[in-house]
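Reader: Could we go through this structure together? I would like to begin with one of the helices and what packs against it.
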Amino acid sequence: MRCAIISDIHANLTAFQAVLQDIEARGGFERIWCLGDIVGYGPDPKECIELLRHYDHICVAGNHDWGAIGKIDVDDFNPEAAAACRWTGQQLDQQDVDYLTNLPLVTSEGDFTLTHGSPREPIWEYLVSTHVAKFSFNYFQTRFCLVGHSHVPLVFELLAPEGECLLHEFPIDVPLTLDGNRMIINPGGVGQPRDSDPRASYAIYDSDHGVIWHHRVTYDIASTQQRMREYGLPYGLAARLSHGW
Ligand code: ZN
């Protein structure tokens with residue numbers, strides 16, 4: 001089976017469509033594993049929810065998904081994120097709200113646990129250091145965990161039997177083999193990458209070969225920015241897409 005692993009679409013339909021087209025061109029997929037933050041920041045929240053729901057998929061809740069529907073308090077967000085979250089809430093109908101409300105914080109399939117931030121703190125915790133990641137391995141039972149939230153593609157590996165935690169870059173277009181240690185893997189962000197590479201980031205899990213691929217794809221950033229300007233979303237949120245941070 002081939003699964004598309006995507007995270008942090010952030011209401012960027014142009015980036016989401018580019019990712020789906022890129023996966024199709026690489027041999028397609030049967031199922032989407034989505035790690036949360038479908039909405040927030042970007043101009044197309046409703047369209048992104050609808051497109052995701054069009055596919056066979058599982059998805060967990062991100063902080064923006066629940067912020068947009070008032071399930072968590074947007075006062076905890078920075079001002080630009082909070083403004084975008086309030087705007088997002090106004091674009092959604094009851095079906096969208098029900099869908100986001102019912103997203104689980106954590107789910108699992110086969111060898112993988114899926115969550116947005118971290119298995120210890122699914123909504124808020126960022127996994128960007130080995131110090132925090134090391135403890136996170138105690139909070140899930142499967143061999144592997146997939147996370148988003150930081151929008152940075154990364155791989156944490158727990159060395160057995162010493163328990164040392166290593167942080168690796170997630171190399172592009174090179175298969176990551178899943179035959180050894182436990183790992184926590186972040187596919188990077190679809191709709192707002194933050195690793196200084198503005199291209200949409202995602203991964204493909206190929207269960208037949210036991211590997212995960214990390215890919216990047218260019219998309220029409222200007223068209224997303226244009227819609228953000230039209231809808232009056234904060235300028236900084238549009239500008240950052242050009243820089244990938
Ligand atoms: Zn996010």
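Author: Helix H7 is a good place to start: what covers its buried residues includes H1 and helix H8 (235-239). This is a predicted model, in which local features need pLDDT of at least 70 and side-chain atom pairs count only at pLDDT 80 or more, while totals for chains, interfaces and linings use all residues. Residues are numbered from 1 along each chain as its sequence is written, and side-chain values use heavy atoms, with hydrogens and water left out.

Reader: Which residues in H7 are buried?
Author: In H7 (residues 221-230), Ile221, Thr224, Gln225, Arg227 and Met228 are buried, where buried means under 20% relative accessible area, exposed over 50% and partly exposed in between (1.4 Å probe, protein chains only). Helices here are DSSP runs (H or I, at least four residues), numbered from the N terminus.

Reader: And where do they fall, seen down the axis?
Author: They fall within an arc of 160°, so they line one face of H7; the arc is that of the directions from the helix axis to the C-beta atoms. The face turned away from the buried side carries the exposed residues Arg229 and Glu230.

Reader: Switching to cysteines, how many disulfides does the count come to?
Author: The count comes to zero disulfides, taking a disulfide as a pair of cysteine sulfur atoms within 2.5 Å.

Reader: Why is there no bond between cysteine 34 and cysteine 59?
Author: The sulfur of cysteine 34 is 3.5 Å from that of cysteine 59, its closest cysteine sulfur, which is too far for a bond. Cysteine 34 counts as buried, at 0% relative accessibility.

Terms used: Helix = DSSP H or I, 4+ residues; strand = E, 2+ residues; numbered from the N terminus. Contact = heavy atoms within 4.5 Å.
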